[in-house]
Amino acid sequence: MRILVCVKRVPAPGARINVTADGQAVDAAHLGFTTSPHEECAVEEAVQITERLGGEVTVMTLGPAEAEEQLRYAASVGAHRLVLLPITEVDWDPQRTATALASAIGDLETADGPFDLILFGNESADAGGFQVGVRVAYALGRPIVNGIKGIDVGGDADGGGSETGDVADGTVAARREIDGGFEVYRVSLPAVLGVKEGINLPRYPTMKGRLASKKAEVALDERAADVGGQGRVRLHRPEEQVSETVILGAGPEAAPAVVDLFEELGVLA
Amino acid sequence: MSLLVVCEHDRGSLSDASLEALTFGRPLAAAAGLELDAVVIGEGAEAAAEGLGAHGAVTIHVASHPILTDFGPEAWGETVAQLVRGTGATAVLACGTERGNEVVAQVAARLDQPFVANCRSIEPGSDAWTMTRVQWGGSLLEDVALDADVHLVTVAHHTVEATAAEVPAAGYESAFAPELDEVLARTVVADRVVLTQGITLSTAPVVVGGGRGVGSAEAFAPLEELAAELGGVVGCSRAVTNNGWRPHSDQVGQTGTRIAPEIYIASGISGAIQHWVGAMAAKNILAINTDAEANMVTRAGHAVIGDLHQVIPAITEEVRRRRGS
């Protein structure tokens, strides 16, 4: 299996997210950076699939030069190849991002053959545009389903099937959570899936993995793409919800006051 | 010219989220000088179309095709894209649910137009539209200028409460037969598995949430008991699922489930941003925490300062006592 995972470097949010004076970005002065959570799970899923079936995991990101850090992290947990599409602006809009990714993926595939599976996070933790994966899949002419919390390659998402299918003409069974259960999609490869946290518990890097990732090669692939129709005017914090907290009491003695509240709200009926 | 609202339904049962989109769409269409229309897609669409007139839809496009047996993001997206081309609609709106955002993204890719997800407010203009959308699941807002031929947007879930129109619209039903390539059946739902019947985390009137302070998987038993007593369900924070104490499907938060119960009882939860944005649509929040300065406590309407391991069983006991008397 040749798998590509697209990830995004995002600030690791603290208790409070502040905005720069010009309103164009999150003030990262006191924040660390991380891989967007859904995408960290996508990398883990790709690594697990290739551990079972063999193959190679490529991780790609479009971001500032510092996003190399997130690519190296992916290498430390098992990714094989790293590609950075460097940008100098704060954030590219979703159309522009998708155009650049699709053309970079197209060139990689021309050089080394198609990816059987391309994974995106369902949405980025910061901008949350809910569209880059869909746009890339459409540009590549491939199926995509979002919201995926279970992937079974050549098998059955119920967990009943083995994962040793004929990958070349295989299908992927993908599970999506809905209220009270899940839907199963059976998509033929090559396919694109938008993955959600909960599909797995990502591993921590080993010391050996960390050391190897420092030496891993990061391929730079600078891309130009037209600006899309969604323009940022400014970021701002929502007005604080001023709530005067009513303390009902301390310890178990507060129980009658709590149940009074239940009665008042009609939840005891 | 029209604003087309994509209405979700599950095998004929219209979602409340779609009614939120229509509610949000009514003043938007009026301000933009557009007719408010709706589209319902696939098997069961006719049943789902009933009553949309009462929510303000003038024309309801009922789309059907042999491959539209169930939800399918590509087939739904292609259907809406063809309808936009056919009717000349200049705006498409859906509720920012998982399906809503996915379908409008599909429409955007097909029409090669920008798409602004999860708006809180929209000001239509003769030139660009401006809107405020949520980032970080709602802990940050972004003002956006949208320059497009077709304005593709979703409204963040729970931004408005669904209400019927003051004056019902015609609700004229119009059959629409899209031309769909059979290949798009590749992403139509193939199968469904039901795990729980009845109320779920996103629909429960009461959610009893536990965080790191609960301490172990076993220690959730008293929370389960209280939830059962109140006809609710148990939720949890990200720390809990990361520790493997509860399945991810129980997680409340930005990367889990958004809840909107009558009351959310948040016990042993500090209230990190990631959790808060999943819980903030709750109508009432009761925090139970040993730390009176915890974010969850200061943001909640009501709080009990104390150890959840003592407080929760005492509440359950009190509920039973009052019911018994």
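Me: Which residues touch the most other members in the largest nonpolar core?
Reply: A:V5, B:V5 and B:V92, out of 188 residues. A core here is a set of buried Ala, Val, Leu, Ile, Met, Phe, Trp, Tyr and Cys residues joined through C-beta atoms within 7 Å.

Me: And which helix gives the most to this core?
Reply: Helix α1 of chain B, residues 16-32, with eight residues. Helices are DSSP runs of H or I, at least four residues, and strands are E runs of at least two, numbered from the N terminus.

Me: Where do these numbers come from?
Reply: This is a predicted model, where local features need pLDDT of at least 70 and side-chain atom pairs 80 or more, while totals for chains, interfaces and linings use all residues. Residues count from 1 along each chain as written, and chains are lettered from A and ligands numbered from 1 in written order.

Me: What is B:V5 in contact with, beyond four places in sequence?
Reply: B:A21, B:L22, B:G25, B:L36, B:A38, B:A57, B:L93 and B:A94. Contact means C-beta atoms, placed from the backbone, within 7 Å.

Me: Switching to the chains: how many residues are in contact?
Reply: 78 of chain B with 65 of chain A.

Me: Which strands pair across them?
Reply: β12 of chain A (230-236) and β9 of chain B (140-146), antiparallel over six bridges; pairing takes at least two DSSP bridges. A:G231 stands opposite B:A145 there.

Me: Is β6(A) mostly covered or uncovered?
Reply: Mostly covered: five of five residues in 117-121 are buried, meaning 20 or more other C-beta atoms, placed from the backbone, within 10 Å of their own (exposed is 12 or fewer, partly exposed in between). Five bridges join β6(A) in parallel to β10(A), residues 191-195, with A:F120 opposite A:G194.

Definitions and conventions. Two residues are in contact if their C-beta atoms, placed from the backbone, lie within 7 Å.
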